[in-house]
Amino acid sequence: MGKNDGGFVLTQIKFRGRNIPSKRHIYSMMKDNQVMNTHEIHNALKSKGKRLGLSMNTLSNIMARSPHYEKLGFEYIPNAFGSYQIIVWGFRYGN
């Protein structure tokens, strides 16, 4: 797999650009869970620590531009003013 670094295994995939620790964590989460929506990913990153915290806009850009994930559809969340939609992401195999 990858290099063991303090209890978790890093992937052999080389992430480029900014937010590399966040990209690694998203990759390992998506590999374990297969399907997650944007809010679940965002909350998991926030709970891991301040360094991994991303804005929702940055997270959506990372997910949309990466070849490792695919958009599966939308999930409608009801609230007091109607409902809003969030994107459901899946892990793409073969990458």
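In this predicted model, Y27 has a relative accessibility of 3% and therefore counts as buried, since the cut-off for that class is under 20%. Y27 also takes part in an aromatic pair, and the structure holds one such pair. Its partner is F91, and the arrangement is edge-to-face, with 5.3 Å centre to centre and 65° between the planes. The two rings belong to distant parts of the chain: Y27 lies in helix α1, F91 lies in strand β5 (residues 82–91), and 64 residues separate them. F91 has a relative accessibility of 8%, so F91 is likewise classed as buried.

Helix α1 spans residues 20–33 and includes K23. With a relative accessibility of 16%, K23 falls in the buried class because the limit is under 20%. Beyond its neighbours within four places in sequence, K23 is in contact with F15, R16, G17, R18, I62 and Y69.

The accessibilities of these three residues are set out below.

| Residue | Relative accessibility | Class |
|---|---|---|
| Y27 | 3% | buried |
| F91 | 8% | buried |
| K23 | 16% | buried |

Helix α1 as a whole comprises 14 residues, and the distance from its first C-alpha to its last is 20 Å, close to the 20 Å expected at 1.5 Å a residue. The buried residues of α1 are S22, K23, H25, I26, Y27, M29 and M30. The elements that cover them include the strands β3 (35–37), β4 (69–79) and β5, together with the helices α2 (38–48) and α3 (56–65). Just after α1, Q34 adopts a positive phi of about 70°.

The strands that contribute to this cover are also paired with one another. β3 and β5 run antiparallel and are joined by three bridges; within β3, V35 stands opposite G90 of β5. β4 and β5 run antiparallel as well, with ten bridges joining them. K71 stands opposite W89 in β5. Two residues lie between β4 and β5, and the two strands form a hairpin.

Which elements does the aromatic pair connect? The pair links helix α1, through Y27, to strand β5, through F91. Strand β5 is thus described here in several roles: β5 is among the elements covering the buried residues of α1, β5 is joined by bridges to β3, and β5 is joined by bridges to β4.

Technical notes: Residues numbered from 1 in each chain as written. Predicted model: local features only at pLDDT ≥ 70, side-chain atom pairs only at ≥ 80, totals over all residues. Heavy atoms only, no water. Helix = DSSP H or I, 4+ residues; strand = E, 2+ residues; numbered from the N terminus. Buried < 20%, exposed > 50% of the residue type's maximum accessible area, 1.4 Å probe, protein only. Contact = heavy atoms within 4.5 Å. Phe/Tyr/Trp six-rings, centres within 6.5 Å; stacked < 30°, edge-to-face > 60°. Expected span 1.5 Å × (residues − 1). Pairing = 2+ DSSP bridges.
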